[in-house]
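Okay, thanks for making the time, everyone. I'll put the model up and then walk through a couple of spots in it.

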Amino acid sequence: MSTHQFLPLANYKQYPEHIMRRRAKTFYEEISGRRTVRDFSSQPIPLSVIEHCLRAAGTAPSGANLQPWHFVVVTDSTMKAQIREGAEEEERTFYSGRAPREWLDALAPLGTNEHKPFLETAPCLIAIFAETHGLLPDGRKVKHYYVQESVGIATGLLITAIHHAGLVSLTHTPSPMKFLNKILKRPIHERPFLLLVVGYPAEGTTVPTITKKPLDDFVTFT
Ligand code: IYR
């Protein structure tokens, strides 16, 4: 028998089926309106909103509940400029040789290139790090489990919370992203996972004409 304490499941509420259906549909309608944006207004965002979105991300399930993530919120313009410089350096090599033709062809509909002005224009960058292992105060390592999955889920919740709050985001993955450890002074056991650009869309922003697959194309019911 477990010697650890368990509590009754609090706050769970079972809805009648028709209510559940309506809630599921309403949520789908809200989240299907999310678009990745690459053109940001410089208008500052309330950090209290970001704090709540991060709290939501921190509720994510994780391997053995070890929560192997760290989020760095960057609003300082000098730091944003350094991040832009680091990212554009990687992107220049990516777009001018490192990426195979097939990859560049796949990206063509998104209209991306090596210029990343949004890293300076947007009011907020959230650098997400995956902790490959934990560290005890005495320096001993703690093994982490399902790190990629856990950080991916937390990031998904963060993106959802940001959309729900009424802000837009861009999942940016300059690769490799090691420059983020240096600029943000994070230890080497924290692996940069993703750079989330957050803010308001610039006036007149356009988004590419891409679509999401219909359900039948990506789900099998047995
Ligand atoms: N990191 C590059 C290239 C890029 C790669 C993928 I996969 C994308 O979905 C979008 C961009 C860039 O940010 O331009």
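So, where is Pro46 found? Pro46 is in the loop that runs between helix H1 (17–31) and helix H2 (47–57). Just keep in mind that this is a predicted model. Is that proline buried or exposed? Somewhere in between: Pro46 has a relative accessible area of 37%, so we call it partly exposed, given that the band runs from 20% to 50%. And if you compare Pro46 with His18, the two are 28 residues apart in sequence, with 36 Å between their C-alphas.

Right, on to the ligand. The space the ligand takes up is the largest pocket. Two elements each give two or more residues to the shell around the ligand, namely helix H3 (77–98) and helix H4 (101–107). H3 gives the most, with three residues. By type, the shell splits into five nonpolar residues, four polar and two charged. If you want names to click on, the residues surrounding the ligand include Glu91, Phe94, Trp103, Leu107 and Asn113.

Now the polar side, which I guess is what you'd check before docking anything. The Tyr95 side chain has an N or O atom 2.4 Å from a ligand oxygen. For Lys116, a side-chain N or O atom is 2.5 Å from an oxygen of the ligand. Then there's His172, with a polar side-chain atom 3.2 Å from a ligand oxygen. As for cover, the ligand on its own exposes 380 Å², and the protein buries 73% of that.

That's me done, happy to rotate the view.

How values were computed
Residues numbered from 1 in each chain as written. Predicted model: local features only at pLDDT ≥ 70, side-chain atom pairs only at ≥ 80, totals over all residues. Heavy atoms only, no water. Near = heavy atom within 4 Å. Polar contact = N/O pair within 3.5 Å; in protein donor to acceptor, adjacent residues only side chain to side chain. Areas by Shrake-Rupley, 256 points an atom, 1.4 Å probe, with all protein chains shown as cover. 1 Å grid on protein atoms, 1.4 Å probe; cavity = no way out; pocket = protein on both sides within 12 Å on 5 of 7 lines; lining within 4 Å. Sits in = over half its atoms within 2 Å of the grid points. Helix = DSSP H or I, 4+ residues; strand = E, 2+ residues; numbered from the N terminus. Nonpolar A, V, L, I, M, F, W, Y, C, P; charged D, E, K, R; others polar. Buried < 20%, exposed > 50% of the residue type's maximum accessible area, 1.4 Å probe, protein only.
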